[in-house]
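Work through the exercises below with the sequence and the model open beside you. Each task is followed by a solution that proceeds step by step.

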Amino acid sequence: MSGALDLRAKPSWRAAKDRLMTGLMLGAVAVVFVPLAAVMWSLVERGGGIVLASFPDFFTEEIPRFSRRAGPGMGPAVVGTLLATGTATLMAVPLGVLGAVYLHEYGGGGRLARLVRFMATVMTGVPSIVMGLFIYLVWTIHFGFSAFGGALALACLMLPVVIGASEQMLRLVPNHLREASYALGATRSRTILTVVLPAALPGIVSGCLLAIARAAGETAPLLFAVGAAKTFNWSVLDEANTALSMQIFSNAMDVPAAQGRAWGAALTLVLLTFLLTLTARVFTGRFALKR
Amino acid sequence: MQLLDLRGRSQLADRAFRWIAVGAAGIVLVVLALIAITMTDRARPVIDHMGLEFFTSSRWSVPTNTYGALGFIFGTLYTAAIAIAIAVPISFGVALFVTQAAPRWLKRPLVYTIDLLAVVPSVVFGLWGLLVMAPALGLQGSFATAGIILAIMITPIITSLSREVIETTPATDQEAALALGATRWEMITATVWPHSKGGLVGAVMLGLGRAMGETIAATLVIGNTVHLTLNPFAPGYSMPTVIANEFGEAEPLHRSALIALAVTLFVITIAVNLVATWIVQRSMRRSLGK
């Protein structure tokens, strides 16, 4: 490689410079840990306080009609987050995995596959607020607020991520598995469904869980699609709903009582996303395909 | 023994499965086309009304139907620039530490912990920035406050991408430098930097794209006032934040103006992302191909 290696300076100076730079690297690591630790501490201190003070009411009570009233709960927001994220998963995961199957098993380097791959990259870069506006224009204007509108926006954000992660996993499935299956006379679809996908499954599950964790924490796409209910709404398709992320956003600039609930909701949301991430880690760690 | 029957129904199913897969992949194209068509269509009224002044004026007054986006475009670029200025040295430092200096047993826990930062929802960073960090640092809602929060949010992405790029440096180059008597830092400047420059630029640009599109955290800490100033401690406003704040109760022309902002944001972030992806892929391919 190019890059001149000049070792003529005084050895003590060179050693000092090396130590200084290693010190700066360590400093950078420390700087990264400060906000992480500070956020976690605030969540545990402020969020943990309010959740434990009214446990389990915080998760089962409705959101107070008047935000000035202190105390629980966030039940409707938990339900809303689970409904919107769950519905989005049901839409984005099958489509994304099938899309990846097309890209890797059928399309390969063909023109359509290259186009789709390129457009999936473009789609990953769409800002979430833009996705929110888009769903408002094509869905909410016509059908009103519901968890389903939010799910549509989340699914659009998840789709390219699921496609990318799944294609990467399909690439790791060794070709001799496919060839063995063909040699037994299996058709292509049979091979994909019974040999390729099962082999890639742990990696795909892990990639999907990470996409779900991201989606569960999104706020901007839900802003104009879900509405602002304060009571339980178990229906996916009808009536306004709410979500943890939206409650955090709207309560953050409100009175202290509401801010307390925002911290509780934040702790709940972070625990939910960490749980999903951790499960994903277990999947990649335990059952990963050997490269 | 049963004979394998390879004719008939299974072939039909085979073809059907293929078409289902094609359809699923095609959804990406359909959604993107729909986004482009509906958004530009809805953005047209305000461009007809304001002309090019939409991009060159910073006067945004709803009562007089005057919509100039310059203040928001500036705010988006400025906060993103602050975020990059803070996040890049830190991310590179962490990536170098993890790949070059950290003892083996420490690598994995370090990577996992930094990745946790990437999973924390942006609204939680916004809440923390508004109620904990800003008061602690004596900051109001401003370009700088938003920049710091955005920096925290993009650091994990830039770190993990640069880590991958740096790891493609051939071990032989590094060992050669060390064998000549170079210190670790001299080895890094002589082999890692020249090798990874392209990929690192791409990693930074992907972080930039993420910072520009981020809405909710910024909305809570940017100050929500249009100011065309380079003073980082002045309150500001950006494209995604004004959309989040005003779209809910907007009149038709106002709405069109906000959608035009979204289209502008969309075009800028896509351009940045594509250039970044291209740079990363090119440098990865070059380094792996050799």
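## Exercise 1: The surface and build of chain B

Task: State how much accessible surface chain B has, and what share of it belongs to carbon and sulfur atoms.

Solution. The accessible surface of chain B amounts to about 12,800 Å², and 64% of this belongs to carbon and sulfur atoms. These values, like those that follow, come from a predicted model. Turning from the surface to the interior, buried residues make up 58% of the 290 residues in chain B.

The next step is the secondary structure, where chain B has 11 helices and 2 strands, arranged along the sequence as α-α-β-β-α-α-α-α-α-α-α-α-α. For the overall dimensions, chain B has a radius of gyration of 24 Å, whereas a compact globule of 290 residues would have one near 19 Å; its C-alpha atoms fill a box of roughly 70 × 70 × 35 Å along the principal axes.

## Exercise 2: The build of chain A

Task: Describe chain A by its elements, its dimensions and its surface, and state how far apart the mean positions of its positive and negative charges are.

Solution. Begin with the elements: chain A contains 10 helices and 0 strands, so that its pattern from the N terminus on is α-α-α-α-α-α-α-α-α-α, by the assignment of helices and strands as DSSP runs. Next, take the dimensions: the C-alpha trace spans about 70 × 65 × 35 Å along its principal axes, and the radius of gyration is 24 Å, against a value near 19 Å for a compact globule of 291 residues.

For the surface, chain A exposes about 13,200 Å², of which carbon and sulfur atoms supply 66%, while 53% of its 291 residues count as buried. Finally, the charges: chain A has 23 positive and 13 negative charges, and their mean positions are 12 Å apart.

## Exercise 3: A threonine and a backbone nitrogen

Task: Which backbone nitrogen does the side chain of A:T81 reach, and at what distance?

Solution. First locate the residue, which is found in helix α3 (residues 75–107) of chain A. Then examine its exposure: the relative accessible area of A:T81 is 3%, and because this is under 20%, A:T81 counts as buried. The side chain of A:T81 reaches the backbone nitrogen of A:L244 at 2.8 Å.

As a last step, consider the surroundings: beyond its neighbours within four places in sequence, A:T81 is in contact with several residues, including A:T242, A:A243, A:L244, A:S245 and A:L272.

## Exercise 4: An enclosed helix and the loop before it

Task: Is α9(A) largely enclosed or largely open, and which residues outside its sequence neighbourhood does A:T219 contact?

Solution. Start with the helix: 8 of the 9 residues of α9(A) are buried, so α9(A) is largely enclosed by the rest of the structure. Its buried residues include A:L244, A:S245, A:M246 and A:F249, and A:L244 is the residue whose backbone nitrogen the side chain of A:T81 reaches.

Now move to A:T219, which lies in the loop between α8 (188–216) and α9 (244–252) of chain A. With a relative accessible area of 0%, A:T219 is buried. Leaving aside neighbours within four places in sequence, A:T219 is in contact with A:S245, A:M246 and A:F249 in chain A, and with B:V123 and B:I216 in chain B.

Note on methods
Residues are numbered from 1 along each chain as its sequence is written. Chains are lettered from A and ligands numbered from 1 in the order in which they are written. This is a predicted model: local features need pLDDT of at least 70, side-chain atom pairs count only at pLDDT 80 or more; totals for chains, interfaces and linings use all residues. Side-chain values use heavy atoms; hydrogens and water are left out. Helices (H or I, at least four residues) and strands (E, at least two) are DSSP runs, numbered from the N terminus. The radius of gyration is taken over C-alpha atoms; the globule rule is 2.2 Å times the number of residues to the power 0.38. Buried means under 20% relative accessible area, exposed over 50%, partly exposed in between (1.4 Å probe, protein chains only). Accessible areas come from the Shrake-Rupley method with a 1.4 Å probe; for residues, only the protein chains shown count as cover. Contact means heavy atoms within 4.5 Å. Lys and Arg count as positive and Asp and Glu as negative; His and the chain ends are not counted. The place of a charge is taken as NZ of Lys, CZ of Arg, CG of Asp or CD of Glu. A polar contact is a pair of N or O atoms within 3.5 Å; within protein, one must be able to donate a hydrogen and the other to accept it, and residues adjacent in sequence count only if both atoms are side-chain atoms.
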